[in-house]
Amino acid sequence: MIRFTVSTIALACAAFGVSAAAAQTAPATAKPAAQPSSKPTVAEADAYVAEAEKTLAADGVDAARMAWVNATYITDDTDALAAKSGAKSTDLAVQYALGAAKYATLPGLSFDTQRKLNLLRGGLTLPAPTRAGASEELSTLTTKMSSAYGKGKGTLDGKPINGSDIEAAMGESRDPAKLKEMWISWNDNVGAPMRGDYAKMTAISNEGARELGYKDVGALWRSGYDMKPDAFAALTDKIWLEVEPLYKALHTYARWKLNAKYGDAVQSKTGPIRSDLLGNMWAQEWGNIYDIVAPAGAGDVGYDTGELLKAKGYDPVKMVKQGEAFYSSLGFPALPGTFWERSQIVKPADREVICHASAWDVDNVDDLRIKMCTKVNADDFVTIHHELGHNYYQRAYNKQPFLYKNGANDGFHEAIGDTVALSITPNYLVKIGLLDQAKVPSPDKDIGLLLRQAMDKVAFLPFGLLIDKWRWGVFSGEIPTTGYQGAWDKLRLQYQGIVPPVARDETKFDAGAKYHIPAAVPYTRYFLARVLQFQFYKAACDQAGWKGPLHRCSFFDNKAVGTKLNAMLSMGQSKPWPDALQVFTGSREMSGKALVEYFAPLKAWLDVQNKGKPQGW
Ligand SMILES: [Zn+2]
């Protein structure tokens, strides 16, 4: 997506395509292309959609090229050019959203015209109202907050420390006093000052959402899921209830291990976990403290993928080729020659670039690229499979009309590559010649492998859910401006079972100290992606006839799986997501059940460890 800056922090990546849904805040200044007449007709609506697709597609290619040049060659000039082209694109998106809102209520529209009008109408993340000055005000507020976040600093040992360094230090430090200092300073310095601006931004964008016919911005965001906004919220609650027992078991076990390491004065045996002890500024993923929770004996799985890659002489390009080979083994055609010519696979030595991993579809056909600063290690090997998932999705739907060139919903796009990455099992590493058969960990090491996965993927679930629960409440007014902090702490306690290391009050704004809040990036997609990747993975393993424990399955080299996967991917966004889900999995329901099955051996093990210990908080 154009100009769609996604966190450089902790979460995977952004997929860049020429999607109309890319627009962020939108200065609604330019003249609408063809606004509806006073008595619009169905034929006019059809023509309007056709014109919108043509214009947005053409504009999108230019904008994507501009964004690419900017991201891979940062100078004042490319910044200015990219900002200008981005503003033009958002202008266009606003015009078409407003027009679409008027046509969308016409009786007798065809399925496709109705669907495309809804996509146009709901494509903006933060719509500005049309009254004079509002879009400029909104744009100023969001730029100010994003830039304050980007420049934000905490302290460590009393000295200033920037965002990426403090994030790394939160993962490495095992000193509770230092962790507390970093946590408090970051939240106080970055979050609290933007509290007033956030309230203003909320009010203005809500006004814009109402002009487009939505109750508020939260309802606009929830409208992108082919169901009523309230029904979608209920669906996320249902999924949470499916995975909650697994999370609670992990929480109980992690609390016990933290208590054993730090003692009662730092982490009590009961109640919530102190959030700065979990190896991550937001306690969103806990993999960084795996060393604290690793079980004796089974904790060390006996190999490190990064070391294997280095030992076999892999360089970044060879790693990407290996990623491509997985998709080829499923029957997907090889990546185009231009992918290898145009991608940024390693960090250029001579200029500033955005290293944050992303996948691009510049011309909306087959000008696919990834942008990474790849290092030869296990994390980047997984990231490559993730990014390529976006690229193969983009190419699979390249014959769809412009407005359908997108994931079935935003969770799908993020889930595809992760589904493939779940197949990077020890036996897969043997098949591709990286691991010796003799070194394949015995089944008694499975708990270590699963626990390491769960510390990131399971620990994330309540966090992935509550970010937008908080925002939905803020946008709807259920959470008043005077209650931002209290509501945030309450949700963190209710879902994650964590507490801040010191008491907070309403002069604070800890939500603002998480990138996606000031940057206004909807977050539920990440929750959905975590759940969907296991659903897709289980479906693939079932199709491959896998009979063993789910987490040991790899569907590498299975053409039948590839054919079915392609059938779902090639639909793009042309049909409601349950249709797409059904094509690949046979089910129309997003569900956490496959995730629960994947981690079932771990859950059984955790239950034994947790026996006699208080559960919950
Ligand atoms: Zn991604």
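Contact here means heavy atoms within 4.5 Å. Keep that in mind for the exercises below. The model is a predicted one, where local features need pLDDT of at least 70, side-chain atom pairs count only at pLDDT 80 or more, and totals for chains, interfaces and linings use all residues. Residues are numbered from 1 along each chain as its sequence is written, and side-chain values use heavy atoms, with hydrogens and water left out.

**Exercise 1. Find which residues Thr202 is in contact with, leaving aside neighbours within four places in sequence.**

Step 1: Go to helix H7, residues 195-211, where Thr202 is found. (Helices are DSSP runs of H or I with at least four residues, strands are runs of E with at least two, and both are numbered from the N terminus.)

Step 2: Check the burial. Thr202 has a relative accessible area of 5%, so it is buried. (Buried means under 20% relative accessible area, exposed over 50%, partly exposed in between, with a 1.4 Å probe and protein chains only.)

Step 3: Read off the partners: Val474, Phe475 and Tyr484.

**Exercise 2. Work out how Trp221 and Phe475 are arranged as an aromatic pair.**

Step 1: Learn the rule. Rings of Phe, Tyr and Trp (its six-membered ring) pair if their centres lie within 6.5 Å; planes under 30 degrees apart are stacked, over 60 edge-to-face, and the rest tilted.

Step 2: Apply it. The centres of Trp221 and Phe475 are 5.4 Å apart with 70° between the planes, which makes the pair edge-to-face.

Step 3: Place the pair. Trp221 is in helix H8 (residues 217-222) and Phe475 in helix H18 (residues 460-476), 254 residues apart. Both Trp221 and Phe475 are buried.

Step 4: Try another pair. Trp470 and Trp488 are also edge-to-face, at 5.9 Å centre to centre and 85° between the planes. Both Trp470 and Trp488 are buried too.

**Exercise 3. Describe the hairpin of E2 and E3, then find the salt bridge partner of Asp157.**

Step 1: Start with the strands. E2 (residues 153-156) and E3 (residues 159-162) pair in the antiparallel sense over 4 bridges. (Two strands pair if DSSP finds at least two bridges between them.) Gly154 stands opposite Ile161.

Step 2: Look at the turn. There are 2 residues between the strands, and Asp157 in the turn has a positive phi of about 55°.

Step 3: Find the partner. Lys178 forms a salt bridge with Asp157, with the closest N and O atoms 2.9 Å apart. (A salt bridge is a side-chain nitrogen of Lys or Arg within 4 Å of a carboxyl oxygen of Asp or Glu.)

Step 4: See what gets tied together. Lys178 is in helix H6 (residues 176-191) and Asp157 in the loop between E2 and E3, so the pair joins parts that are 21 residues apart in sequence.

Step 5: Compare with the rules for burial. At 28% relative accessibility Lys178 is partly exposed, and Asp157, at 45%, is partly exposed as well.

**Exercise 4. Find the salt bridge partner of Lys116, and the ring that Lys116 lies over.**

Step 1: Lys116 forms a salt bridge with Glu53, the closest N and O atoms being 3.0 Å apart.

Step 2: The pair links helix H3 (residues 111-121), with Lys116, to helix H1 (residues 42-72), with Glu53. Both Lys116 and Glu53 are buried.

Step 3: Now the ring: Lys116 lies over the face of Tyr404, at 5.1 Å from the ring centre. (That needs NZ of Lys or CZ of Arg within 6 Å of the ring centre and within 35 degrees of the ring normal.)
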